[in-house]
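Student: I'd like a close look at one part of this protein, please. Could you walk me through its side-chain contacts slowly?

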Amino acid sequence: MNGDMMDSASRPMAFDDQAAWLRRFQSDAQGNLKALALRLREAMPERVTLKETSSGFFSRTTAITGVVVDMDPHRYVLEIAHGRLQASVQMVVRGIAISTKPLDPAEWFVKLSEETKTASEHAKKLAQSLSAFMAS
């Protein structure tokens, strides 16, 4: 999976760039989904769940068929179903999805990117506040 949804200046990609990126992603959706899922799990292990299927009852091999990212109160789901990349975002209350909105995969990537950026900015401010408190 080459390229990021945000450029080096942290500006959203232009629509044409997003569409081209998504076409490249979908050209090898299985391989790119696996790469994305593993990268997300490495970055946010407490928030990411992989959807996996095995090729048979006694098989040791599994294939990653989807990824779920919990960004309270939203749950982002990206999966391959019937050979196609499908994306949705769920509104979650007390661990239960109360609504699910299907999204275009390109829009899913943009929304997840925005939400993770907001969460990391919040975490940075919290860390700074804790450091200032402990220093005083």
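Student: Which residue forms a salt bridge with R75, and how far apart are the closest N and O atoms?

Tutor: Keep in mind that this is a predicted model. The partner you're after is D70, and the closest N and O atoms of the pair are 2.9 Å apart. Here's the general idea: side chains of opposite charge can pair when their charged atoms come close. R75 has a relative accessibility of 19%, so it counts as buried, the cut-off being under 20%. D70, at 29%, counts as partly exposed.

Now for the rest of the picture. Searching the whole structure turns up two salt bridges. Besides your pair, there's one between E79 and K51, with 2.8 Å between the closest N and O atoms. That one links distant parts of the chain, since E79 sits in strand 3 and K51 in strand 1 (residues 48–54), 28 residues apart. Both ends are partly exposed: E79 at 25% and K51 at 29%.

Strand 3 (residues 74–81) also holds Y76. The ring centres of Y76 and W108 are 6.1 Å apart and the planes meet at 80 degrees, so this pair is edge-to-face. W108 belongs to helix 3 (residues 105–135), so the pair ties together parts 32 residues apart in sequence. Y76 is buried at 3% relative accessibility, and W108 is buried too, at 0%. W108 also makes an edge-to-face pair with F109, 5.1 Å centre to centre with 90 degrees between the planes. F109 is buried as well. Put together, ring pairs link Y76, W108 and F109 into a cluster.

Key: Residues numbered from 1 in each chain as written. Predicted model: local features only at pLDDT ≥ 70, side-chain atom pairs only at ≥ 80, totals over all residues. Heavy atoms only, no water. Phe/Tyr/Trp six-rings, centres within 6.5 Å; stacked < 30°, edge-to-face > 60°. Helix = DSSP H or I, 4+ residues; strand = E, 2+ residues; numbered from the N terminus. Buried < 20%, exposed > 50% of the residue type's maximum accessible area, 1.4 Å probe, protein only. Salt bridge = Lys/Arg side-chain N within 4 Å of Asp/Glu carboxyl O.
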